[in-house]
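Here is a set of exercises to work through with the model open in your viewer. Try each task yourself, then compare with the solution below it.

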Amino acid sequence: MIEDFDVGSDWHVASPYPFLARLRAERPVFRSEHLGAYVLTRHADVRAAYGDPRRFSSKGSLTISRSLTRETRDRLGEHGSFLSSFVANVDPPDHTRLRRSVSRAFTPRAVAAMEERFRRLNEDLLDRIGPRRAADFVRDIGHEPSIKLTARFIGVPEADEDFVQAHVKDWFQLFLSPQPPGRQLELAGSFLDYLDYVDRLVAARAKEPRDDFTSLMTSLIGTELTHREVVELISTILLGGNDTVPNQLGNTVLRLLRENAWPVDPARIRNAAEECMRIDGASLGSFRYVTTDVTLHGVTIPAGALVLLSTDSAAHDETVFPDPERFVIDRPNADAHLVFGYGIHFCVGAALGRLQLRTALEVLGRRLPTLRLVPGEPIAYRRSIVGRGLAALAVEW
Ligand code: HEM
């Protein structure tokens, strides 16, 4: 029997792969009542859907939580549909214009220039934490360097980092996971404070530009971008940078420790990182709305329906990756995973994400070569529709 696509249940969070393998074989277009969406699970179908933005639209696809109460909506006012102008949430021609602006900040030169800064942030952290000989990898090691790097990239002053971090977490909860009514109102208040903060940052950079992402985007207001688009971009990139890379790093370190592959020989880090992203991707997939009836493998997805492109399943597709549940550190096509998406919305931060992952593996491997899991500690994942990440990971060295 095929269960539903129940991302909230323990079995699904920890290891959905036997279930996804059955879907790929028997029901490649699966209607999930739980998600209220159709799910595509084969690599070829997921890739083709990403590559067909006309029929698989991104418009509004990120606002997953439809469970905001009327009171919360009133409180949010015009921001109730927040994200409506975020680059991942729009179709061409708006997408083409927004993407062009954002890409200016992610040139290969700009990304390469961040390597040294990121390396230093990791070294600083390990100088402080090294003597402790034990830590929760997620809380104490995985997040800080990425959060600090993203903050500097955006132009958030160091003194405001904790404020931003706390508010970004609230934002994430409010829009991406269902919350009880009272908590919704609290989170909405926090979110509005956060938007005020980003607004003030934009105003400050408009007056006095610096060498940061906020200044670059602010300089495009009135010509290429609107004020609202800039505020949404900045707020969301703070979220993207704060969460996805640390999640991927945690998944990666756990995998390497379990496979007795720690520390990774520097010459193999590039491929090892790709294989870890393939087998334990931090992003589970992307949502799209079909703009017309789409018939695939005998199933008609009706116009207007929500579809999940399961990159998590695509990365374990046996027709592309032989013996997919086995970790193969030098798997030749490991980078054919779709964890950064594909097509026009392909992750604009992919090069930066990869750079952080490789740099962290290199520094951590060198500084903590005896890193190991604390025996007997359970491995717990956070519950989320869109991403896989650990709640905690007890390590020692
Ligand atoms: C391992 C880390 C990361 C993963 C797994 C990841 C995953 C993804 C995925 C799957 C998409 C496609 C969304 C879609 O098609 O609907 C995407 C888009 C995007 N990502 Fe990432 N991402 C990561 C890191 C980052 C970083 C570090 C940044 C920025 C600092 C970033 C910024 C963005 C933006 C702005 C988009 C929208 C691009 C567009 O719509 O054209 N991501 N990401």
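**Exercise 1.** Which residues does Asp212 touch, not counting residues up to four places away in sequence?

*Solution.* First, some ground rules: this is a predicted model, in which local features need pLDDT of at least 70, side-chain atom pairs count only at pLDDT 80 or more, and totals for chains, interfaces and linings use all residues. Residues are numbered from 1 along each chain as its sequence is written, and side-chain values use heavy atoms, with hydrogens and water left out.

Step 1: find the residue. Asp212 sits in the loop between helix 10 (181-207) and helix 11 (213-218); helices here are DSSP runs of H or I with at least four residues, strands are E runs of at least two, and both are numbered from the N terminus.

Step 2: list its contacts, meaning heavy atoms within 4.5 Å. With residues up to four places away set aside, Asp212 touches Arg152, Phe153, Ile154, Gly155 and Arg205.

Step 3: check the accessibility. Asp212 has a relative accessible area of 10% and is therefore buried (buried is under 20% relative accessible area, exposed over 50%, partly exposed in between, with a 1.4 Å probe and protein chains only).

**Exercise 2.** Describe the surroundings of His95, starting from its place in the fold.

*Solution.* Step 1: His95 belongs to helix 5, which covers residues 94-103.

Step 2: its relative accessible area is 4%, so His95 is buried.

Step 3: leaving aside neighbours within four places in sequence, His95 is in contact with Val87, Val90, Ile344 and His345.

Step 4: look for a polar contact (a pair of N or O atoms within 3.5 Å; within protein, one must be able to donate a hydrogen and the other to accept it, and residues adjacent in sequence count only if both atoms are side-chain atoms). The side chains of His95 and His345 make one, at 3.3 Å.

**Exercise 3.** Is Ser61 buried or exposed, and what does it touch?

*Solution.* Step 1: Ser61 is in the loop between strand 3 (56-57) and helix 4 (70-76).

Step 2: at a relative accessible area of 4%, Ser61 is buried.

Step 3: beyond residues up to four places away in sequence, Ser61 touches Ala88, Asn89, Phe287, Arg288 and Tyr289. For one of these, Asn89, the C-alpha atom is 6.0 Å from that of Ser61, although the two residues are 28 apart along the chain.

Step 4: look at the side chain. A polar atom of the Ser61 side chain lies 2.8 Å from the backbone oxygen of Ser58.

**Exercise 4.** How many residues apart in sequence are Asp317 and Arg42, and what is their C-alpha to C-alpha separation?

*Solution.* Step 1: Asp317 lies in the loop between helix 14 (311-314) and helix 15 (350-367), and counts as buried at 4% relative accessibility.

Step 2: Asp317 and Arg42 are 275 residues apart in sequence, yet 6.4 Å apart in space, C-alpha to C-alpha.

Step 3: not counting residues up to four places away, Asp317 touches Arg24, Arg42 and His43.

**Exercise 5.** Examine the backbone for cis peptide bonds and positive phi values.

*Solution.* Step 1: recall the background. Most residues other than glycine have a negative phi, and most peptide bonds are trans.

Step 2: list the cis bonds. One joins Pro92 and Pro93, with omega about 5 degrees; Pro93 is in the loop between helix 4 and helix 5. The bond from Trp262 to Pro263 is also cis, with omega near -10 degrees, and Pro263 is in the loop between helix 12 (227-258) and helix 13 (269-279).

Step 3: turn to phi. Asn260 has a positive phi near 55 degrees; Asn260 is placed in the loop between helix 12 and helix 13 and counts as exposed at 71% relative accessibility. His297 has a positive phi near 50 degrees; His297 is placed in the loop between strand 6 (294-296) and strand 7 (299-301) and is partly exposed at 43%.

**Exercise 6.** How many helices and strands does the protein have?

*Solution.* Step 1: the protein has 15 helices and 12 strands.

Step 2: of its 397 residues, 55% count as buried.

Step 3: among contacts between residues at least 6 apart in sequence, 73% join residues at least 24 apart.
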